[in-house]
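Grab the viewer and let's work through a few exercises together. Try each task yourself before reading the solution.

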Amino acid sequence: MNDPYQNNDRYPYQTNYPPQEEDAASDATEGADEDEQMYEGEYQGVPHPDEIKEARRAARLEAKRKARLAAQQEEYDEDNLPEQYETIMEDCGHGRFQWMLFVVLGLALMADGVDGFVVGFVMPSAEKDMCISNSDKGLLGLLVYVAMMVGALVWGGLCDKMGRRKCLIYVLSIDLLFSFLSCFAQSYGFFVFFRFCSGFGIGGSIPIVYTYFTEFLQMDKRGEHLSWLCMFWMLGGLYASFTAWGIIPHYGWGFAIGTEFQMHSWRLFILVCLFPTLAALVGVFFMPESPRFLLESARHDEAWMVLRRVHDTNWKAKGEPERVFTATNIKTPQTQEDEFIEIQSDTGTAFQRWTVRHMTMLQQVMANVMSLSAPDLRLQGLFLAIVWFCLAFSYHGLGVWFPDMIKYMQYEEYESKVRIFHRERVERFHFNFSLVNQVHREGEYIHDKFANIEIKSVKFEDSLFENCYFEDIKSTNSFFENCTIKNTVFYNTDLWQEKFKDCRMENTTFLHPKKGCHLNFQEENDIVIYLVSFLGSLAVLPGNIISALFMDKIGRIRIIGGSMLASSACTFLLLLSFSQGAVICWQCLFYGASVAAWNGLEVISVELYPSSKRGTAFGILNGICKLAAIIASFIFAAFVGITKIIPIFLAFSALVCGGLLALKLPETREKILS
């Protein structure tokens, strides 16, 4: 007899066997094993319990399989975003839109370049208006660099959460406002505060500009066009040097309201330096947000509109307006942080919502910073940071050493021509001619008159002034030391307490003293300093062109390593700098050789990190650069006039170390933005 259970899909009541009598059926099953007995529920069409369990188990396995496939597909879609975005950018092409953005962001970079020169150019004049001491001058330069370092760290992190365009508007607005206010600051304290705030703003421009522009470029255009963008920093230096030479020496280009408010030429120079910032700020308002940032923030529709605008602008300019933007599905999953912010945005008071949003944003920025220490980013990030530090240390250190060395050579040359007068006695004489570069020791001046003259670099030591009269005197770097002054009148002069060191005054009168230092602006603002800065900025042009043309051909690593090693060789030529002309020549050669390394570092820094961390990482690297500049400025300046060997050795060692380490960095020439 055939077993009716061999067919699992059919039950016995479904068979075509002829019906059996009740006794026959009973006989057929009599004596059968318990395991072979038929489940009585099958006569009513009820499945066996084991079959129910098996069906449920199969359903669970199928559900897990589908969930696993869905998760794999979602992960694939996320991993596929870089390739998809690169394909879309290639479809959009490179054209009018990128060139418009290039000019706008270039102006922002130019504003940063101008700000790097402003303090150095105005300080010789500002110290005269506000009588700034040497220690205070050093403090101003230090605070500005500290502000720029902090600005790079803060704004680099914020642009990954708030957006590239919004943060760039903020930094340019801060720089514009406080630079404008610094033009009118009459006290040193307010001037330092306004320049500090300005530095905090413009310090964030470099990380934002490079991150912003990179995300509108396709892979085969990034290296070249980011290198061309670096030329605007050079233009900033040229603009600042040229306008400083044309404006600052003209001390009469200004006005005064009484004796409390003075608007001299150096303040006008700061106003003129605001033009690149103002132009960049206006231009950014007409530019869209980075579509890559919008996609990372789950703002898909906005990203699609921006990409379509890029596509239509480029192809319309190329004479193909009929081309259709075909990208339709460019979505990324929403993050938990975004969902949390959205939930909280509709609850509580306005202040509570503002607090939640900004505290959450701060937590996200800090999480971004901590994520840079992940194992896959830690080692290459450390190497990159060391290379940044080495290049910045040598570049900015020598950048301080070059002009200081020129000034020292000028001073030595000037000192070699000093005239010394010893124990002279002058009685009843009218000094109506200027006294320049002189030293008078143990002299006696009786019933003498000094009127309408300039006293420049003159020192009176252990001398006697009796019954003398000083009127309308301008003094520059002139002092009275250990002198005795009796029955003498000072009328309308700038000779005041700081000019008299350990002097004895007897019946001496000061009438209508001039407030402020009132030194000679025309003489102190030597055109050589502006010329040095102008030529140094212009010298980087060949290096910029070469790096732009070969960045995508030979790769970032070879550009960085080769440039730093070539720059290290140039430092040895500084041992031959025995004149001002030689120093200027070697300075130009060094700047021209090292600029390619800067361009390569900036390109690889934006390519190495993922979009969600790109601004944060670049901000940290740029902050390290500013820190290196601060350290180098103190070290290199300390050896001016003492020895050339130590600064040259330090610069050489840093460049060789950084150049060799740069060869260990990963090549990103063919890397799609992750």
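**Exercise 1. Work out how α4 packs against α7.**

Step 1: get the geometry. The axes of α4 and helix α7 (residues 188–202) come within 11 Å of each other and cross at roughly 170 degrees. Axes here are lines fitted to C-alpha atoms, for helices over the stretch in contact, with angles running from 0 to 180 degrees between N-to-C directions. Helices (H or I, at least four residues) and strands (E, at least two) are DSSP runs, numbered from the N terminus.

Step 2: classify the angle. α4 and α7 are therefore roughly antiparallel (angles under 35 degrees count as roughly parallel, over 145 as roughly antiparallel, 65 to 115 as roughly perpendicular and the rest as oblique).

Step 3: list who touches whom. On the α4 side you'll find A108, A111, D112, D115, V118, V119, V122 and M130, and on the α7 side Y188, F191, R195, S198 and I202. Contact means heavy atoms within 4.5 Å.

Step 4: sort the contact by class. The α4–α7 contact has nine nonpolar, one polar and three charged residues. For the classes, Ala, Val, Leu, Ile, Met, Phe, Trp, Tyr, Cys and Pro count as nonpolar, Asp, Glu, Lys and Arg as charged, and the others, Gly among them, as polar.

Before going on, a word on the model and its bookkeeping. This is a predicted model, where local features need pLDDT of at least 70 and side-chain atom pairs count only at pLDDT 80 or more, while totals for chains, interfaces and linings use all residues. Residues are numbered from 1 along each chain as its sequence is written, and side-chain values use heavy atoms, with hydrogens and water left out.

**Exercise 2. Do the same for α4 and α10.**

Step 1: geometry again. Helix α4 (residues 96–130) and helix α10 (residues 265–272) have axes that come within 9 Å and cross at roughly 150 degrees. That makes α4 and α10 roughly antiparallel too, therefore.

Step 2: handedness. The crossing of α4 past α10 is left-handed, meaning that the near helix is turned anticlockwise from the far one by less than a right angle (right-handed if clockwise).

Step 3: the residues. V118, F121, V122, S125, A126, D129 and M130 of α4 meet W266, R267, F269 and I270 of α10. The split is eight nonpolar, one polar and two charged.

**Exercise 3. Track down some salt bridges and say where they sit.**

Step 1: count. The whole structure has 18 salt bridges (a side-chain nitrogen of Lys or Arg within 4 Å of a carboxyl oxygen of Asp or Glu).

Step 2: look at E215 and R164. Their closest N and O atoms are 2.7 Å apart. E215 is in the loop between α8 (205–214) and α9 (219–247) and R164 in helix α6 (residues 164–182), so the pair links distant parts of the chain, 51 residues apart. E215 is buried at 0% relative accessibility, and R164 is buried at 1%. Buried means under 20% relative accessible area, exposed over 50%, and partly exposed in between (1.4 Å probe, protein chains only).

Step 3: widen the view. D160, R164, E215 and R614 are linked in a network of salt bridges.

Step 4: check E607 and R556. This salt bridge has an N to O distance of 2.7 Å. E607 lies in helix α21 (residues 580–608) and R556 in helix α20 (residues 556–571), so parts that are 51 residues apart in sequence get tied together. Both E607 and R556 are buried.

Step 5: now try D312 and R308, whose closest N and O atoms are 3.5 Å apart. Both lie in helix α13 (residues 300–317), four residues apart, about one turn of the helix. D312 is partly exposed at 32%, and R308 is partly exposed at 39%.

**Exercise 4. Inspect the strand region: which residues have positive phi, and what does L435 touch?**

Step 1: phi of R423 is near 55 degrees, positive in a non-glycine residue. R423 sits in the loop between β3 (419–422) and β4 (425–427) and is exposed at 61% relative accessibility.

Step 2: E442 also has a positive phi, near 55 degrees. E442 is in the loop between β6 (435–441) and β7 (444–446), partly exposed at 35%.

Step 3: L435 lies in strand β6 and is buried, at 4%. Leaving aside neighbours within four places in sequence, L435 contacts E454, I455, K456, V458 and F460. The C-alpha atoms of L435 and E454 are 6.4 Å apart, with their positions 19 residues apart along the chain.
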